[in-house]
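Trainee: Could you take me through one part of this predicted model in detail, namely the sheet and what lies against it? I would like a connected account rather than a list.

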Amino acid sequence: MSERGQTGGEVTYLNARPIRTAAIIVAAGRGRRLGTELPKQYLPLGGACALRRSIEQFLAVPGIDLIRAVIHPGDQDLYDAAVKNLSDRRVLPPAFGGPTRAATTLNGLLSLADDAPDRVLIHDAARPFVPTEVILRVMQALDEADGAFAGLPIVDAVWRTSNNAAQSS
């Protein structure tokens, strides 16, 4: 971990080593609610699957040093097809997920131990269109806090229901 000190409101790092940022792309879910044979992270989405689009999105963000997908143990062939011809040294071999989202995320974090990043971003592969500026704002927030998450306004209507009937929005 980097040691941090504060001067004049700006974060200054006391060691000369640059901050290393890793991104874990959580992709071990089965997507059963969607009702498709393939998990949703591997479904085609405008010429590429959601997992590949998520990886490419993080590759485009300045300051992302490592990217590791965490996949279901039975999805290696799907993963290999998803990242075919994606040759960027920042994309690490995948780690394998566990029986729950929490276990999958923990496996991803543990898989980065030898790389020792200073901060880790965790992202759901089924959400491939996260804007670069949102990722950068989370990274910036981590300069001043031990944890941060993105919160975006709801753009779709949220309805309250009772007895299967809409009551209000």
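Mentor: Two strands count as paired if DSSP finds at least two bridges between them. In this predicted model, S3 and S8 run parallel and are joined by 6 bridges, and within S8 histidine 123 is the residue that stands opposite isoleucine 25. This pair belongs to an open sheet of 4 strands with parallel pairing, whose order is S7-S6-S3-S8. Strand S7 (95-96) and strand S8 (119-124) are its edge strands, each pairing on one side only. Against the sheet packs helix H1, residues 50-59, which touches S3, S8 and strand S6 (66-71), and the direction of H1 makes about 170° with that of S3.

Helix H1 is mostly covered, with 8 of its 10 residues buried; these are Ala50, Leu51, Arg52, Ser54, Ile55, Gln57, Phe58 and Leu59.

Strand S3 also leads us to the second largest pocket, which holds about 420 Å³ of space. Of the 20 residues that line this pocket, Gly29, Arg30, Gly31, Lys40 and Arg101 are the closest to its centre, while the elements that give two or more residues to the lining are strand S3 (21-27) and helix H3 (101-111). Sorted by class, the lining of the second largest pocket comprises 7 charged, 7 nonpolar and 6 polar residues. Strand S3 therefore has a place in each part of this account, as it is joined to S8 by bridges, is touched by helix H1, and gives residues to the pocket lining.

Notes:
Residues are numbered from 1 along each chain as its sequence is written. This is a predicted model: local features need pLDDT of at least 70, side-chain atom pairs count only at pLDDT 80 or more; totals for chains, interfaces and linings use all residues. Side-chain values use heavy atoms; hydrogens and water are left out. On a 1 Å grid over the protein atoms alone, a cavity is a set of points where a 1.4 Å probe fits but cannot get out, and a pocket is an open set with protein on both sides within 12 Å along at least five of seven lines; lining residues have an atom within 4 Å of a point. Grid points are joined across faces, edges and corners, and a volume is the space filled by probe spheres set on the points. Ala, Val, Leu, Ile, Met, Phe, Trp, Tyr, Cys and Pro count as nonpolar, Asp, Glu, Lys and Arg as charged, and the others, Gly among them, as polar. Contact means heavy atoms within 4.5 Å. Axes are lines fitted to C-alpha atoms, for helices over the stretch in contact, and angles run from 0 to 180 degrees between N-to-C directions. Buried means under 20% relative accessible area, exposed over 50%, partly exposed in between (1.4 Å probe, protein chains only).
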